[in-house]
Amino acid sequence: MLPNEIYNNLKSEFGDAVIEYNDTQPIDPFITVSTDKLFDICHTLRDNEEYLFDYLMSLSGMDLGENVGVVYHLYSMKYKHKLVLKVSAPKAEPKVPSVEMIWRTADWHEREAFDLMGVIFEGHHNMIRILCPYDWDGHPLRKDYKVPEIYHGMKVS
Amino acid sequence: MSDKKRLDLEYSTHDSDKMRINVGPQHPSTHGVLRLEVEVDGEIVSEVIPHMGYLHRSFEKVCESMTYPQIIPYIDRIDYISAMNNEWPYVMALEKMMDIKVPEKVEYIRVIAAELNRIANHQIAVATFGMDAGAFTPFLYFFRDREYILWIFEKLSGARLLYNYFRVGGVSGDIYPTFKEECLDVIKKVRKTNAEVMDLLIYNRIFIQRTAKIGILPADVALSYACSGPVFRGSGVKYDLRKDETYSIYNRFDFDIPVGKGEVGVLGDCWDRNIVRMHEMEQSCKIIEQALAQMPMEGDVTAAFPKKIRPPKGEIYMRAEGPKGDLGFYIVSNGSDKPERVKARGTSFVNLSVIPEISKGYMFADLILILGSIDIVLGEVDR
């Protein structure tokens, strides 16, 4: 199934929660959805017989200036089609629902996005850092991140 | 203990004091600087909590201040055992963004280099796995053979381990005159050693008793954890990007996708993951033979090099089948010569996340084997 067909189906099912379909870029069209319906949309995408997106290829955090974004790359083992899904949340309150219960692989991906980008995934069972030390300050992949000078008495930069 | 009891995950719930043991980060069997916090009940593992990040080098942050070609050496260092395979999805992504058609000869060189690197990676994987189980001889055999592959890479790229060989639009240097003969010679050696190791290690009764029926990974769990590569195929799923999402020129070659069959134990156990690697080496040999026969000897490998590497504004997610599974790169370009964001989907990172799930209920000594059968490289886990 092509991404624009999926967009039309989702639009008729979830209405305003499906915000836009963008294929103006040279590659990879994507669908933007709102955070409050993200879990339901992901659930539909995985379980509906027409989509069966059972393989979460990648989950990445993005710095979008005012907002932080999360990008989901989905793949279906049966139909071999792909979909790119995007959500965004303001940096003041970077909360996105967790999809860990839908794809178990999202557990560590979400911890990584939290660690490096500071996205807080609501409903995640263990929202702690994964790559940086547990007591590290700040989220390194934010564009405005400043490297701390001292960490536990050691010079960092 | 009978096999039935070993499989019973409820076995360790009787009331007793549990103990927490720390494994690593300085431990030869964790294959790098991985730390496992293990809760054991007697000798039965009841919980495993991996702690990583000891090798975190901020790959993604560093990329944002580098130009596109400067990133390639960093990509080598993600999974330093199979650097050729790592570079491929990255350069392929940029070529697709910039709409570059790679010369025919380059495609063949890339396939041969990647498949040779796949063999080298599986040799290390099987060798260290054998060593985890207590077999030292196959380790020496494999490392002796791997050296011949590294010699070929050294002549191709000038480096033994971190090649910086794949470039956007081509490869950094042409093949040398005796390349074909040396490759065929290596294949002969690989096949000979593999036949020996099959007898010596894989079908050895002790090895089977240690590795079969432990770390069983059912296909649906593997799918939910998005496992890939031999870990996924060991569970009996025929999923290989070289066939499922054919890229480059893989559709021209005739090869099979080996899957686990539960031959000596249960489908998806440690032994199955290992035998998939052994069979894959043979398939790689087949691909290299066909590629060498078809490869055009004439042609300039640097012909399609772009003058400036400035992909248009946009984004792409590109993945390719590495030896450990699918390695993906999500590249966001803002139109300048530096990327806005590069995200590497580390195969080992994703495959490792299944460890807490599949090691519960087995003996502590089995945990080391289960970890070895996943074949992780900590450079890729921590990036």
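**A predicted complex of chains A and B**

Over residues 1-13 of chain B, pLDDT stays under 50, and for this stretch the model has 15 contacts beyond four places in sequence. This is a predicted model, and that opening segment is best read alongside the values for the chain as a whole: chain B has a mean pLDDT of 86, with 96% of its residues at 70 or more. For the complex, the predictor gives an ipTM of 0.89 together with a pTM of 0.87.

Within chain A, a useful place to begin is helix α2, which spans residues 38-47 and in which Ile41(A), Cys42(A) and Leu45(A) are buried. When one looks down the axis of α2(A), these buried residues fall within an arc of 100 degrees, and they therefore line one face of the helix. The cover over the buried residues of α2(A) includes helix α1 (3-14) as well as the strands β2 (30-33) and β4 (67-75), which also belong to chain A.

From the helix we turn to the interface, where 27 residues of chain A are in contact with 29 residues of chain B. On the side of chain A that touches chain B, at least two residues are supplied by each of β3 (55-63), β4 and α3 (106-117), and the largest share, six residues, comes from β3(A). Sorted by class, this side of chain A has 17 nonpolar residues, along with five polar and five charged ones. Strand β4 of chain A thus appears twice in this account, since β4 is among the elements that cover the buried residues of α2(A) and β4 also supplies at least two residues of the side of chain A that touches chain B.

Key
Residues numbered from 1 in each chain as written. Chains lettered and ligands numbered in written order. Predicted model: local features only at pLDDT ≥ 70, side-chain atom pairs only at ≥ 80, totals over all residues. Buried ≥ 20, exposed ≤ 12 C-beta atoms within 10 Å, placed from the backbone. Helix = DSSP H or I, 4+ residues; strand = E, 2+ residues; numbered from the N terminus. Arc of directions from axis to C-beta. Contact = placed C-beta atoms within 7 Å. Nonpolar A, V, L, I, M, F, W, Y, C, P; charged D, E, K, R; others polar. pLDDT = per-residue confidence, 0-100.
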